[in-house]
Amino acid sequence: MKLLEINNCRKSFGELEVLKDISLSVDRGQVVSVIGPSGSGKSTLLRCATLLETMDGGDLIYHGRYAARSDSEGNSIYAPAKELRQIRSLFGLVFQNFNLFPHYSVLKNLTDAPCAVQKRNYEQVREEAMELLRKMGLEDKADAYPYQLSGGQQQRVSIARALAMKPEILFFDEPTSALDPELTGEILKVIRGLASEHMTMVIVTHEMMFARDVSDYLIFMDGGVIVEQGDPKSIINHPTQERTKAFLNRLLNQ
């Protein structure tokens with residue numbers, strides 16, 4: 001069974017049609033990267049997949065459970081709030097600007113939601129959180145506050161916080177775009193590690209070589225549609241569509 005399915009997703013903001021009949025699916029353990037120019041609809045697609053935006057039309061399915069389903073006129077009808085709460089527990093989201101709670105310590109950023117939302121035992125959650133911080137190379141930062149960390153450290157805490165909820169699929173919205181090149185490497189290394197552990201991930205990124213090397217599947221979007229999709233190495237090394245060629249030439253020859 002597919003872990004995630006999006007069928008015929010449509011989304012407009014006023015007169016602007018941002019997503020035009022987008023369909024994709026993600027298998028367990030698969031890493032899917034989404035690339036494309038700014039304004040192509042990548043982040044909106046991610047926000048629809050994670051219930052931060054509502055689709056105008058289409059289906060959104062996790063593990064065979066419908067978060068949203070098209071009615072007879074093609075409009076998205078969402079599941080009741082209780083069902084959506086359960087579906088939200090299946091995924092985690094890492095933002096480009098970290099979104100940590102500034103008044104919480106690093107450790108509290110990790111332990112708060114598992115205890116408050118999932119009602120898990122604090123001592124167990126704390127132990128797991130410390131293990132995640134060790135994995136991120138941040139075990140000595142448990143009592144620090146976000147303002148005391150570098151951007152790369154904050155983003156690693158953000159990833160650890162998402163993992164603390166034990167999601168089945170992790171979404172990344174341009175996780176390195178707020179970082180300088182040196183710190184970008186830190187985050188890409190963490191994501192490579194997760195990929196080697198077969199964590200299911202959907203990654204919106206501008207890091208082309210990273211997308212080529214880490215992903216199992218690549219989607220190129222432009223103008224609210226999927227222009228080209230398939231094997232990452234084939235698309236990045238030998239794109240078949242003119243729009244893909246122009247985008248990659250511009251990006252790789254900067």
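What is the volume of the largest cavity? The largest cavity has a volume of about 40 Å³. Keep in mind as you read that this is a predicted model. Let us begin with this enclosed space and then walk outward through the strands, a helix, the open pocket and the cysteines.

## The cavity and its walls

Rolling a probe the size of a water molecule over the atoms shows where empty space is left. When the whole structure is searched, one cavity of 30 Å³ or more turns up. Its lining is made by L4, I6, L24, L45, L46, A49, F171 and V202. Sorted by class, these are eight nonpolar residues, with no polar and no charged ones.

Two elements, β1 (4-13) and α1, each supply at least two residues of this lining. Helix α1 gives the most, with three residues.

So what does helix α1 look like? The helix covers residues 42-49, and six of its eight residues are buried. The buried ones are K42, T44, L45, L46, C48 and A49. L45, L46 and A49 also appear in the cavity lining. After the helix comes L51, which has a positive phi, near 65°.

## Strand β9 and its neighbours

Another lining residue, V202, takes us to strand β9. This strand spans residues 200-204, and five of its five residues are buried. In a regular strand the side chains alternate between the two faces of the sheet. In β9, T200, V202 and V204 lie on one side, while M201 and I203 lie on the other, and both faces are covered.

Which strands pair with β9? One is β3 (residues 31-35), which runs parallel to β9 over four bridges. The other is β8 (residues 169-173), also parallel, over five bridges. Between β8 and β9 the chain passes through helix α6 (residues 181-196), and this β-α-β crossover is right-handed.

Strand β3 is largely enclosed by the rest of the structure, because five of its five residues are buried. V31, S33 and I35 point one way from β3, and V32 and V34 point the other way. Strand β3 also has a parallel partner in β10 (residues 217-222), again with four bridges.

Here are some of the residue pairs that you can look up in the structure:

| Residue | Bridge partner or opposite residue | Strand of the partner |
|---|---|---|
| V32 | V202 | β9 |
| S33 | I203 | β9 |
| F172 | I203 | β9 |
| I35 | F220 | β10 |

I203 is a handy residue to find on screen: S33 is its bridge partner from β3, and F172 stands opposite I203 as well.

## The open pocket

Now for a space that is open to the outside. The largest pocket has a volume of about 780 Å³. Its lining counts 23 residues, and R88, F91, G92, A113 and M165 are the ones nearest its centre. The elements that give two or more residues to this lining are α2 (81-88), β7 (91-94), α3 (106-116) and α5 (151-164). Helix α3 contributes the most, with five residues.

What classes of residue line this pocket? The lining has 12 nonpolar, six polar and five charged residues.

In the loop between β7 and α3 sits S105. Is S105 buried or exposed? With a relative accessible area of 15%, S105 falls under the 20% cut-off and so counts as buried. S105 also shows how a chain can bring distant parts of its sequence together: S105 and Y145 are 40 residues apart in sequence, yet their C-alpha atoms are 4.6 Å apart in space.

## The cysteines

How many disulfides does the structure hold? The number is zero. Take C9 as an example: the closest cysteine sulfur is in C48, but it is 4.6 Å away from the sulfur of C9, and therefore too far for a bond. A disulfide would need the two sulfurs within 2.5 Å.

The surroundings of the cysteines can be looked at too. C9 counts as buried because its relative accessibility is 0%. C115, at 21% relative accessibility, counts as partly exposed. The value for C115 is not under 20%, which is why the word "buried" does not apply to C115. C48, the cysteine whose sulfur is closest to that of C9, is one of the buried residues of helix α1.

Notes: Residues numbered from 1 in each chain as written. Predicted model: local features only at pLDDT ≥ 70, side-chain atom pairs only at ≥ 80, totals over all residues. Heavy atoms only, no water. Buried < 20%, exposed > 50% of the residue type's maximum accessible area, 1.4 Å probe, protein only. Pairing = 2+ DSSP bridges. Right-handed = clockwise from strand over helix to strand, strands pointing away. 1 Å grid on protein atoms, 1.4 Å probe; cavity = no way out; pocket = protein on both sides within 12 Å on 5 of 7 lines; lining within 4 Å. Points joined across faces, edges and corners; volume = space filled by probe spheres on them. Nonpolar A, V, L, I, M, F, W, Y, C, P; charged D, E, K, R; others polar.
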